[in-house]
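Hi everyone, thanks for coming. I'd like to walk you through one chain today, mostly by way of its cysteines. Have a look at it first.

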Amino acid sequence: MGKEKKKSNLTLIMIFVFIIVGGIVLWILLIDWAKDARDTGKQWVVMGKEYGKSTNGSGCLEKALGMNEQCDGLRCAVYNKVFLSACLKSSQPEPGFCQHVPRSYSILEAAAWEVEQCEKRNNNHRACNDLFRAVHTFCTDRNIEAPPPG
């Protein structure tokens, strides 16, 4: 019975060490991934700002919708939304751009508008709504009357 108890204790110690080492490795990988995601996100912000300087809100939106068609994953879609948000902020004023965007902060009203905009464009890409959410946020935050998207 003494040998079985020692063997059981040794197994528990090995499992504990494996969990600790695995946790450390996972932590290092997550830190590296987060740094990479942050750096890539910053690059997309710069690209969006630069593109926005030479176009208006509609130009930013159309560029982002086009890029969205090339996205095949969540990460790409997130960066595309980052691009659009930065682009809109640096874009040239466009009268009427926000005219048909709901002014409320109602999630349901905004979501219905986002779905409607994607349906109008026959755009069933899963991240289409996210792009129009960025437009809604831009227009609501700025509270501007800048032509309606689409």
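Here's something to start us off: is the disulfide of C98 and C139 left-handed or right-handed? Keep in mind that we're looking at a predicted model. The torsion about the S-S bond of these two is about -70°, so the disulfide is left-handed. And where does this pair sit? C98 is in the loop between α3 (74-90) and α4 (107-120), while C139 is in helix α5 (residues 128-142). That puts the two cysteines 41 residues apart, so to speak linking distant parts of the chain. The S to S distance is 1.9 Å. As for accessibility, C98 is buried at a relative accessible area of 0%, and C139 also counts as buried, with 0% relative accessibility.

Okay, next one. C118 and C128 form a disulfide as well, with their sulfur atoms 2.1 Å apart. Here the torsion about the S-S bond is about -105°, so this disulfide is left-handed. C118 lies in helix α4 and C128 in helix α5, so the pair ties together parts that are 10 residues apart in sequence. Are these two buried or exposed? Both C118 and C128 are buried.

Now on to C71 and C76, which are joined by a disulfide with an S to S distance of 2.2 Å. Their S-S torsion is about -65°, so again we call the disulfide left-handed. What about burial for C71 and C76? C71 has 10% relative accessibility and counts as buried, because the cut-off for that is under 20%. C76, on the other hand, is partly exposed, at a relative accessible area of 24%.

Let's put those in context. How many disulfides does the structure hold? Four. If you count the bonded cysteines along the chain, the pattern goes 1-4, 2-3, 5-8, 6-7.

Before I stop, let's leave the cysteines and look at the surface. There's a nonpolar patch there, and its members include I13, F16, V17 and I20. Further along you'll find V21, I24, V25, W27, I28, L29 and I31 in the patch too. Together, the patch residues have about 1100 Å² of accessible area. And where is I13? I13 lies in helix α1, which covers residues 2-53.

That's my tour, so over to you for questions.

Technical notes. Residues numbered from 1 in each chain as written. Predicted model: local features only at pLDDT ≥ 70, side-chain atom pairs only at ≥ 80, totals over all residues. Heavy atoms only, no water. Disulfide = S-S within 2.5 Å. Buried < 20%, exposed > 50% of the residue type's maximum accessible area, 1.4 Å probe, protein only. Helix = DSSP H or I, 4+ residues; strand = E, 2+ residues; numbered from the N terminus. Patch = residues over 30% accessible without salt bridge, like charges linked within 9 Å, V, L, I, M, F, W, Y side chains within 5 Å. Areas by Shrake-Rupley, 256 points an atom, 1.4 Å probe, with all protein chains shown as cover. Salt bridge = Lys/Arg side-chain N within 4 Å of Asp/Glu carboxyl O.
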